[in-house]
Each structure stands twice: as C-alpha cells, then as structure tokens.
Amino acid sequence: MRRVGEAVHPDITYTLRPGAYAILPHGDGVLLTHQDRPEPELQLPGGGIDPGKSPLQALHREVFEETGWRIAQPRRLGAYRRFVFMPEYDLWAEKICTIYEARPVRRLAEPGEAGHMAVFTDWQTAMTEVASIGDRMFVQDYCR
C-alpha cells in the first residue's frame, strides 16, 4: 500500500485508524466538506471506521454527518497509508485511508458534525486545495 505524507518516527507508537472517504462528483464539480477545527480545511467527506462496523457503513455515516447528504453506488478506488498526529484526539495515528467514489443523491439535513459544512467546488479547486496529500492524489487520479 502506498504511503504518503510525513516519515514514520521510530520513537512514536502509532494507533491504527482505518477510515473510509468519498469522492462525490456532482454536476460539473465535487461535494467536499469544510472543517473549521483544528485548522480550516477542505476535505473529502469521511472518517474513522468504528470497531465492528464495515467500511461502507462508516462511509455512509461519515458522509451524512459531515455533509447532510445521502450517497449511493459506492465503488472502492483504492487506499493509502499515512502516519500523522491527530490533535483532535491527541493521538499519533497510522491511518489507513480507503477512498471510494459515490453519488450524492439527496440532501436531507445540515451537517450534524460540529464545525463541518458541505461545500460544492470545481475539480481544479479540489485537486489543489483538499488538505490531505493522499486525498488530493486520488482526486487528481480521478480527474485524469
């Protein structure tokens, strides 16, 4: 599996954090989430896979929590690994990020997760402004 981002620090113990994230094409652009903390940034909607849950269950839950949209037809595109400090959890994590393509089909609510906002943007913005280098890599590959 491809590793992106910072180098592994041998003196740090990392906690495994699998997650599922979605590229959500809509019209001429893509649906992203804007998270305002710990730093404002654009992200692919998604997040951690809770113990006992499947990646697809997590994907549907996280996209809805972060955007208020329901999705359909998820299709796995691939995965990458990154080692990172997660300040919101005060945790060093080995993140296994599985990326899906899905169709946003219906907006049902405002995002339920505090500090998140659904954002529609053009593909060029997504390819350059999504905060995670691994997520940007998948958006760029998707646009090719």
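## Close-up views of a predicted model

**View 1. Strand β3 in its surroundings.** Strand β3 covers residues 29-35, and six of its seven residues are buried, so the strand is largely enclosed by the rest of the structure. The model shown here and in the other views is predicted. Buried stands for under 20% relative accessible area. In a regular strand, side chains alternate between the two faces of the sheet. The next three views take the partners of β3 in turn.

**View 2. The hairpin of β2 and β3.** Strand β2 spans residues 15-26 and runs antiparallel to β3, with three bridges joining the two. H26 has G29 of β3 as its bridge partner. Two residues lie between the strands of this hairpin. G27 takes a positive phi there, near 60°.

**View 3. β3 against β8.** Strand β8 is made of residues 116-122. Seven bridges join β8 to β3, and the two strands run antiparallel. L32 stands opposite V119 of β8.

**View 4. The hairpin of β3 and β4.** β3 also pairs with strand β4, residues 41-43. This pairing is antiparallel and has three bridges. Q35 has E41 of β4 as its bridge partner. Five residues lie between β3 and β4 in the hairpin they form.

**View 5. Y14 and F83, an edge-to-face pair.** The whole structure holds six aromatic pairs. In the pair of Y14 and F83, the ring centres are 5.0 Å apart and the planes stand at 75°, so the pair is edge-to-face. Y14 lies in the loop between β1 (2-3) and β2, and F83 lies in strand β6 (residues 69-86), so the contact ties together parts that are 69 residues apart in sequence. Both Y14 and F83 are buried. For Y14 the relative accessibility is 16%, and Y14 therefore counts as buried.

**View 6. Y14 and W92, and the cluster around them.** Y14 also pairs with W92: the ring centres are 6.0 Å apart and the planes stand at 90°, so this pair is edge-to-face. W92 belongs to strand β7 (residues 91-107) and Y14 to the loop between β1 and β2, so the pair ties together parts that are 78 residues apart in sequence. W92 has 28% relative accessibility and therefore counts as partly exposed. Y14 and W92 join F83 and F85 in one aromatic cluster.

**View 7. Arginines over aromatic rings.** Two sites are shown. At one, the charged end of R17 sits over the ring of Y89, 4.7 Å from the ring centre. At the other, R70 lies over the face of F64, at 4.0 Å from the ring centre.

**View 8. R37 and D36, neighbours in a salt bridge.** Side chains of opposite charge can pair when their charged atoms come close. The count of salt bridges comes to nine. One of them joins R37 to D36, with the closest N and O atoms 3.6 Å apart. R37 has 53% relative accessibility and so counts as exposed. D36, at 35%, counts as partly exposed.

**View 9. R75 and E101, a link between β6 and β7.** The side chains of R75 and E101 meet in a salt bridge, 2.9 Å from N to O. R75 is in strand β6 and E101 in strand β7, so the pair links distant parts of the chain, 26 residues apart. The partners differ in burial: R75 is partly exposed, with a relative accessible area of 46%, whereas E101 is buried, with 9%.

**View 10. E110 and R107, and a four-residue network.** E110 and R107 form a salt bridge whose closest N and O atoms are 2.1 Å apart. E110 is exposed, with a relative accessible area of 56%. R107 is partly exposed, with a relative accessible area of 46%. Elsewhere, D50, R61, E62 and E65 are joined into one network by salt bridges that share partners.

Definitions and conventions:
Residues numbered from 1 in each chain as written. Predicted model: local features only at pLDDT ≥ 70, side-chain atom pairs only at ≥ 80, totals over all residues. Heavy atoms only, no water. Buried < 20%, exposed > 50% of the residue type's maximum accessible area, 1.4 Å probe, protein only. Helix = DSSP H or I, 4+ residues; strand = E, 2+ residues; numbered from the N terminus. Pairing = 2+ DSSP bridges. Phe/Tyr/Trp six-rings, centres within 6.5 Å; stacked < 30°, edge-to-face > 60°. Lys NZ or Arg CZ within 6 Å of the ring centre and 35° of its normal.
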